[in-house]
Amino acid sequence: MPHQAHQQMATFSVLRPAPKRRIALMLGLGLLLTGCGADYPLGDAQRQAAENNTSHLSGTLTGGGSSAQNSAMNAWIGGFASRHPKVQVQYASVGSGAGRAGLLAGATQFAGSDAYLKESEVARSQQTCGPEGAINIPVYISPISIAFNLPGIKELDFDAATIAKIFSGTITSWQDPAIKALNPDAALPDVPMTVVARSDDSGTTENFTDYLHAAAPENWTHDPSGSWPGGLGTEQAQGNSGVVTTVARTAGAVTYADDSLVDATLGKGTLKVGDSFVSVSGEAAAIAVSASHRVPGRHGNDIALELDRATTKPGAYPLVLVSYFIVCSGYTDANSLELVKAFGHYIVSDEGQKVAADSAKSAPMPQDLAAEAAAAIDSITLRQ
């Protein structure tokens with residue numbers, strides 16, 4: 001069934017940290033409401049597949065988190081349903097922070113997150129997932145666009161310092177000399193510049209601020225964080241789709257967003273890498289990821305990656321997010337274990353990566369990284 005036909009999960013406003021129990025109830029109720037009322041929520045095609053399929057898998061698998069992953073997740077759910085039509089996979093696009101909190105609270109069986117678990121979250125996960133806690137498995141690679149609404153302009157060149165000045169409020173006009181110097185031939189309009197950031201705890205924000213912190217430390221003095229720094233005077237909106245919608249209806253606005261959500265109505269920035277400007281693309285993002293290395297001191301099957309944001313590797317686009325399938329290293333329920341492993345293996349398979357690339361413009365994972373991810377999924381165990 002084409003992924004466009006999938007019913008998207010309900011989303012929830014998460015404007016401030018919520019207690020674990022509240023997050024669990026919020027995620028659980030949303031998944032329950034969106035999943036009830038039909039044995040085959042994806043429609044007649046799923047019913048027909050069930051009637052002609054010999055898969056023994058059945059049950060419900062629940063997750064929540066990254067809005068950047070949402071397009072890919074819809075495609076994964078549809079592809080997995082064609083193979084295992086008696087399984088219902090439910091995903092709430094509530095933002096990476098809420099997704100991680102839902103898994104840690106035991107409200108879901110997996111989380112989608114554009115940022116890996118922090119050390120404190122790994123420690124907390126031992127309460128829900130057992131002594132070895134939860135693990136981060138990369139499944140989705142996508143560039144983050146600098147998206148803007150300047151009628152008649154579809155591309156502008158930026159360097160990290162100029163982006164940092166725009167989002168920190170140092171640059172407030174599209175006719176600023178720094179922008180003009182990078183784009184001498186562009187007819188930059190005299191319109192107000194409106195900077196739009198995420199209001200929710202966001203992995204996209206964490207990746208964006210990590211890039212600014214590493215590539216332009218003199219112009220971006222804030223530490224990397226999933227929460228947008230206070231006091232910067234920016235407009236804010238919920239989720240990747242929220243910031244893109246706000247920019248689309250506001251002439252002169254600019255934001256950062258997962259590239260899969262940025263359509264042709266908006267312009268996009270290139271990034272200066274070394275002496276060249278690199279356009280946003282999944283292929284360029286994958287080149288940047290190939291220069292990454294594992295976060296030290298983690299569990300052997302935890303594939304949390306540190307990205308080289310200041311790389312000068314030719315063709316690399318270092319403003320990139322690696323989004324994770326975060327799961328427990330062990331489950332107490334045998335059916336949950338089987339479903340998590342089956343769905344995880346589908347996601348990192350060649351087919352799973354292709355359907356994500358087709359639907360979300362993501363980059364298929366490098367083969368060696370996909371093999372590591374598959375081995376990590378194999379390592380998930382049944383625990384007492």
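**Entry 1: contacts along the chain**

I began with contacts between residues at a separation of 6 or more, and found that 76% of them in the protein join residues 24 or more positions apart. I note here that the model is predicted, so every value below is computed from it.

**Entry 2: the overall make-up**

Next I looked up the secondary structure, which comes to 13 helices and 15 strands. The protein has 384 residues, and 55% of them are buried. I also checked the surface: about 15,500 Å² is exposed, with carbon and sulfur atoms supplying 51% of that area.

**Entry 3: the nonpolar cores**

Which residues have the most contacts inside the largest nonpolar core? I found Trp76, Phe167 and Phe343, in a core of 92 residues. Strand β4, residues 134-148, gives the most to this core, with nine residues. Another core, of ten residues, lies apart from it; Ala237, Val244, Val247 and Val262 are among its members. A general point is worth jotting down here: in soluble globular proteins, nonpolar side chains tend to be buried together.

I then followed phenylalanine 343 on its own. Setting aside neighbours within four places in sequence, I listed its contacts as Leu61, Met73, Trp76, Ile77, Phe80, Val89, Phe110 and Phe325. Trp76 thus turns up in my notes again, as a contact of phenylalanine 343.

**Entry 4: two covered helices**

I picked helix α4, residues 96-104, to see how covered it is. Nine of its nine residues are buried, so α4 is largely enclosed by the rest of the structure. The buried residues include Arg100, along with Ser96, Gly97, Ala98, Gly99, Ala101, Gly102, Leu103 and Leu104. Just after α4 I came to glycine 106, which takes a positive phi of about 80°.

Helix α10, residues 282-289, is mostly covered too, with six of its eight residues buried. I wrote them down as Gly282, Ala284, Ala285, Ala286, Ala288 and Val289. What do the buried residues of α10 pack against? I found β4, β10 (276-278), β13 (320-328) and α13 (367-378). Strand β4 is already familiar from the largest core, to which it gives nine residues.

**Entry 5: the disulfide**

I counted one disulfide. It joins cysteine 129 to cysteine 328, with an S to S distance of 2.0 Å. The link is left-handed, with -50° about the S-S bond. Cysteine 129 lies in helix α5 (residues 119-129) and cysteine 328 in strand β13, so the pair ties together parts that are 199 residues apart in sequence.

Are the two cysteines buried or exposed? Cysteine 129 is buried, at 1% relative accessible area. Cysteine 328 has 4% relative accessibility and also counts as buried.

**Entry 6: the second largest pocket**

My last stop was the second largest pocket, which holds about 260 Å³ of space. I found 14 residues lining it, and those closest to its centre are Tyr116, Glu206, Asn207, Asp210 and Leu305. The elements that give two or more residues to the lining are α8 (203-215), β12 (305-306) and β13. Helix α8 gives the most, with three residues.

Strand β13 links several of my entries: the buried residues of α10 pack against it, cysteine 328 lies in it, and it helps line the second largest pocket.

Notes:
Residues numbered from 1 in each chain as written. Predicted model: local features only at pLDDT ≥ 70, side-chain atom pairs only at ≥ 80, totals over all residues. Heavy atoms only, no water. Core = buried A, V, L, I, M, F, W, Y, C linked by side-chain atoms within 4.5 Å. Buried < 20%, exposed > 50% of the residue type's maximum accessible area, 1.4 Å probe, protein only. Helix = DSSP H or I, 4+ residues; strand = E, 2+ residues; numbered from the N terminus. Contact = heavy atoms within 4.5 Å. Areas by Shrake-Rupley, 256 points an atom, 1.4 Å probe, with all protein chains shown as cover. Disulfide = S-S within 2.5 Å. 1 Å grid on protein atoms, 1.4 Å probe; cavity = no way out; pocket = protein on both sides within 12 Å on 5 of 7 lines; lining within 4 Å. Points joined across faces, edges and corners; volume = space filled by probe spheres on them.
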